[in-house]
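The following note sets out numbered points on the model, for reading beside the coordinates. Please keep the sequence at hand while going through them.

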Number of protein chains: 2
Amino acid sequence: MTRKLTQRGRDRRLQILREAARLFSERGYHPTSVADIVASLKVGKGVFYWYFPSKEELFVELLRGAHQDLRRRQQAAIGDEPDPVRRIELGIRASMAWFHEHRSSFNLVQFAATEERFAPVVRHNREVAIADAVRHIKDGIVEGRIADQDPGVLAEAVVGVTERLAQAYLLERDEPVDQVADAAVAFCLRGLMG
Amino acid sequence: MTRKLTQRGRDRRLQILREAARLFSERGYHPTSVADIVASLKVGKGVFYWYFPSKEELFVELLRGAHQDLRRRQQAAIGDEPDPVRRIELGIRASMAWFHEHRSSFNLVQFAATEERFAPVVRHNREVAIADAVRHIKDGIVEGRIADQDPGVLAEAVVGVTERLAQAYLLERDEPVDQVADAAVAFCLRGLMG
DNA sequence: GGGCGCCTTGACCGACCGGTCAATCATCTT
DNA sequence: AAGATGATTGACCGGTCGGTCAAGGCGCCC
């Protein structure tokens, strides 16, 4: 049941999504009330419920949107690169850049994973992300460039390193993206090597 | 201001801590009310506030307690092992075992990191954990066994891999601890190698 | 101008939540 | 037996939150 929206309406919608993401990320999902969001936008409460059926659904949309956006960014960066190891490197670098530009999305996912209602969405998103990485890793194993171990485990490890370094050095310490990406790539490629 | 407690009282306290951890982990912190906790224990609400000043403080105690417990476990496992690389391996294995036995603590920390009020505690705990790992990594670099890179970055990477594999394979897929630990150690040691 | 449909307002509602407290019970000490 | 003190009860309170809705404005087309 999607509403008919004019251009003005679509803008408003995006405005709410962005502001909600910002506030959820800064204060947390539960401590941020719908009243906070609309007050921050200087509009009435009804505006929120004109564009979204509930606070919960808006949050799920944020989760799905972030995942889609990150994934598109990774795919764009990888393009048609034939070397699987290089594809992984490009994926890591693209993720770092995206995390840097979408700091708020980080906390959202981390919170969502801890709440029954949102965990399924996070799990699904993660499975997709891992499946993407697994494809390149399998290719690398076939070429003998990557250790012959469970590709799923290797993929989780790579994602773990990337996200952890992003959180610690990009978000908390605000270090240069390239430098952090270099470190992540160096560690991961060594870790993958056969 | 700590209360005088009899043995019975100390037991009750622990009972509340354990039950709260379980419920927070299963449903999330905010969706779990104090009423839920005491109802699950079949006691009156006053019992909770006899032992804890607030829901918030109980949660902080859970965070600090988990960190202390995990750290002790790591230190016990490492003992006086002289080889720094082996110390890191023992630390990873001890962490895996601890995560396996304290599944509920995982979600708590992850949630706490996303909420303003608890984030400082999480950050402090993380700094201590990283500082521990950094010591061994520095030793390894001096011995030429570990790549000469920022030890802090390497430590974060190792912790990232360990926690991610623990979450994905221990908690979500319930695979054997040793197997997951082996995979984490293999990836991390290769990643650290010079 | 007049009507129609997108958009906005904000008072209001029922539910729930964290926390309090006067009263009572239980157990140990003297 | 009689306090004293630890431990427990659950009704109650003020406040907040997600969500509703009747009413009204705003822009566009006939």
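1. Helices (H or I, at least four residues) and strands (E, at least two) are DSSP runs, numbered from the N terminus. Read along the sequence, chain A of this predicted model follows the pattern α-α-α-α-α-α-α-α-α. Chain A thus has nine helices and zero strands. Along the principal axes, the C-alpha atoms of chain A fill a box of roughly 60 × 35 × 30 Å.

2. On conventions, residues are numbered from 1 along each chain as its sequence is written, while chains are lettered from A and ligands numbered from 1 in the order in which they are written. As this is a predicted model, local features need pLDDT of at least 70, side-chain atom pairs count only at pLDDT 80 or more, and totals for chains, interfaces and linings use all residues, with side-chain values using heavy atoms and leaving out hydrogens and water.

3. Two domains are assigned in chain A: domain 1 (1-53) and domain 2 (56-192). These bounds come from an automatic or database domain assignment. The centres of domain 1 and domain 2 of chain A, taken over C-alpha atoms, are separated by 28 Å. Contact (heavy atoms within 4.5 Å) joins 12 residues of domain 1 of chain A to 14 residues of domain 2 of chain A. The area buried between these domains of chain A is about 1100 Å², and carbon and sulfur atoms give 71% of it. Buried area here is the accessible area (1.4 Å probe) that two parts lose on being put together, summed over both.

4. How are the two protein chains related? A turn of 180 degrees with a shift of 0.0 Å along the axis lays chain A on chain B with an RMSD of 0.0 Å. The two copies are thus related as by a two-fold rotation axis. In chain A, the C-alpha nearest the axis belongs to A:Gly191, at 2.1 Å from it. The superposition is by least squares on the C-alpha atoms of residues with pLDDT of at least 70 in both copies.

5. The contact between the chains takes 43 residues from chain A and 43 residues from chain B. Between chain A and chain B about 3400 Å² is buried, of which carbon and sulfur atoms give 57%. On the chain A side, A:Arg164, A:Phe187 and A:Arg190 lose the most area to chain B, together 22% of what that side buries. The copies meet through the same surface, because 100% of the interface residues of chain A are also interface residues in chain B.

6. Which residues are closest to DNA strand C? A residue is near a strand if one of its heavy atoms lies within 4 Å of it. DNA strand C is surrounded by 21 residues, the closest being A:Thr6, A:Gly44, A:Gly46, B:Lys45 and B:Lys55. Of the atoms of DNA strand C that come within 4 Å of the protein, sugar and phosphate account for 63%.

7. Polar contacts (pairs of N or O atoms within 3.5 Å; within protein, one must be able to donate a hydrogen and the other to accept it, and residues adjacent in sequence count only if both atoms are side-chain atoms) are found along DNA strand C. A polar side-chain atom of A:Thr6 is 2.4 Å from a phosphate oxygen of DNA strand C, and a polar backbone atom of A:Gly44 is 2.4 Å from a phosphate oxygen of that strand. A base oxygen of DNA strand C lies 3.1 Å from a backbone N or O atom of A:Gly46. Helix H1 (7-27) and H3 of chain A, together with H3 of chain B, are the elements that give two or more residues to the surface near DNA strand C. H3(A) supplies the largest share, five residues.

8. For DNA strand D, 20 residues surround the strand, and the closest are A:Lys45, A:Lys55, B:Thr6, B:Gly44 and B:Gly46. Sugar and phosphate account for 63% of the atoms of DNA strand D within 4 Å of the protein. A polar side-chain atom of A:Lys55 lies 2.4 Å from a phosphate oxygen of DNA strand D, whereas a polar backbone atom of B:Gly46 is 3.1 Å from a base oxygen. H3(B) gives the most to the surface near DNA strand D, with five residues.
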